[in-house]
Amino acid sequence: MLFRSLNPAYTRILGYDTPEEVTAIEDPDTYYWDPEDRTAMIRHLKEKGFLTHYELRIRRRDGSMAWVMLNSRLAAEENGEPFVDGIAVDHTARKLAEEELRRSREKFRHQAVHDNLTGLYNTRYLYQALQKLVDISTARSEPFSLIFMDVDDFKRVVDTYGHLKGSQTLQEMARTIQETLEEPAYGVAYGGDEFVVVLPGYDKQAALRKAGEIRTRIRETSYLSGHGHDIRIRASFGIATFPEDASDVNGLLALADQAMFDVKGGGKDAVRATEGRN
């Protein structure tokens, strides 16, 4: 479907100087952003006979994309040859504004449940998600486990390298944690140098293995090596399992936290699990 005629306004939308330059084009795909867009438009026209407020991507002369809104109809010459008669309005500014609004909303939703420093989930998300996980796990009679972890002697890192390098170390450590996890498991920046790992479907033994894996990865990683440093850190880990240890969110977190503090009091850099309810 080639242009037979067009007005100067649509010529400018396409980025050409004169209508004649456009009508001289022999390949109709030249002024469509994607040939499939042209195919879809023609299909709609044949099915309905008209287009109302139809959004179409076009390709400008300089190769950039623009949006137009079409109101058109399928007509025919006296000899029966079909053609499209219609009006196109430049819709680019509105589409760009809609896209920017969509990105802003997505960014807001992301920031609402993620930690700005590490990119992990934040505590707001943790408490909401854990309550849902309790309900789901109860209905399915499935366990899940929490790992509460805290960096050992992190003040020493900050005192040696400064607060900025300390924050960068936590960023890299968060990536180490994330690299060990597969969905639906996820990590949470709990606050400061504390993290929580949520392990849906993990019983205590599986959680112990995962905590051991995270501990080993952290011990083997040289942090801030890209900045010329070789920061080695250790962490203490506490584990609690639902429903073996507790049946509510606060109880599970408290027990995992206590198990972690028991590790701190016993020499640090180790994994300990809650021993279950008495």
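This is a short tour of a predicted model, one selection at a time.

**Whole chain**

Show the full C-alpha trace. Along its principal axes the trace spans about 95 × 50 × 25 Å. Colour by secondary structure: the protein has 9 helices and 8 strands. The radius of gyration is 30 Å, well over the 19 Å that the globule rule gives for 278 residues, so the protein is more spread out than a compact globule.

**Stop 1: the sheet of 3 strands**

Select β1 (50-59), β2 (65-76) and β3 (82-90). They make an open sheet in the order β1-β2-β3, and the pairing is antiparallel. Which strands stand at the edges? They are β1 and β3; each has a single partner strand, so one side of each is left without a neighbour in the sheet. On average, neighbouring strands here are turned by 40 degrees against each other, direction ignored.

Now go through the pairs. Start with β1 and β2, which are joined by 8 bridges. Pick Arg59: its bridge partner in β2 is Met65. Then pick Arg57, whose partner in β2 is Trp67. The hairpin of these two strands has 5 residues between them. Gly63 in that hairpin takes a positive phi near 95 degrees.

Move on to β2 and β3. Here 9 bridges join the antiparallel strands. Select Ser72 and you will find it opposite Gly86 in β3. This pair also forms a hairpin with 5 residues between the strands. In its turn, Gly80 has a positive phi of about 90 degrees.

Keep the sheet on screen and add helix α3, residues 35-48. What does α3 lie across? The helix lies across β1, β2 and β3, and runs at about 170 degrees to β1.

**Stop 2: the sheet of 5 strands**

Hide the first sheet and bring up β5-β6-β4-β7-β8. That is the strand order of an open sheet with mixed pairing. The edge strands are β5 and β8 (271-273), and each pairs on one side only. Neighbouring strands in this sheet are turned by 20 degrees against each other on average, direction ignored.

Select β5 (186-191) and β6 (194-200); 5 bridges join them, and they run antiparallel. Click Ala189 and look across to β6: its bridge partner is Phe195. The hairpin of β5 and β6 has 2 residues between the strands. Gly192 in this hairpin takes a positive phi near 60 degrees.

Next, take β4 (144-151) and β7 (235-242). These strands run antiparallel, with 8 bridges between them. Label Leu146, which stands opposite Ala240 in β7.

While the strands are shown, turn on side chains. In a regular strand the side chains alternate between the two faces of the sheet.

**Stop 3: a helix pair**

Finish with α7 (163-179) and α8 (204-220). Two packed helices are described by the angle between their axes and the distance between the axes. At what angle do the axes of α7 and α8 cross? They cross at roughly 140 degrees and come within 9 Å. That makes α7 oblique to α8, as only angles over 145 count as roughly antiparallel. The crossing is right-handed.

Show the contact residues as sticks. From α7, take Met173, Thr176, Ile177 and Glu179. They meet Ile214, Arg217 and Ile218 in α8. Colour this contact by class: it has 4 nonpolar, 1 polar and 2 charged residues.

Notes
Residues numbered from 1 in each chain as written. Predicted model: local features only at pLDDT ≥ 70, side-chain atom pairs only at ≥ 80, totals over all residues. Heavy atoms only, no water. Axes fitted to C-alpha atoms, helices over the stretch in contact; angles between N-to-C directions. Helix = DSSP H or I, 4+ residues; strand = E, 2+ residues; numbered from the N terminus. Parallel < 35°, antiparallel > 145°, perpendicular 65-115°, else oblique. Left-handed = near helix turned anticlockwise from the far one by under 90°. Contact = heavy atoms within 4.5 Å. Nonpolar A, V, L, I, M, F, W, Y, C, P; charged D, E, K, R; others polar. Pairing = 2+ DSSP bridges. Rg over C-alpha atoms; globule rule 2.2 N^0.38 Å.
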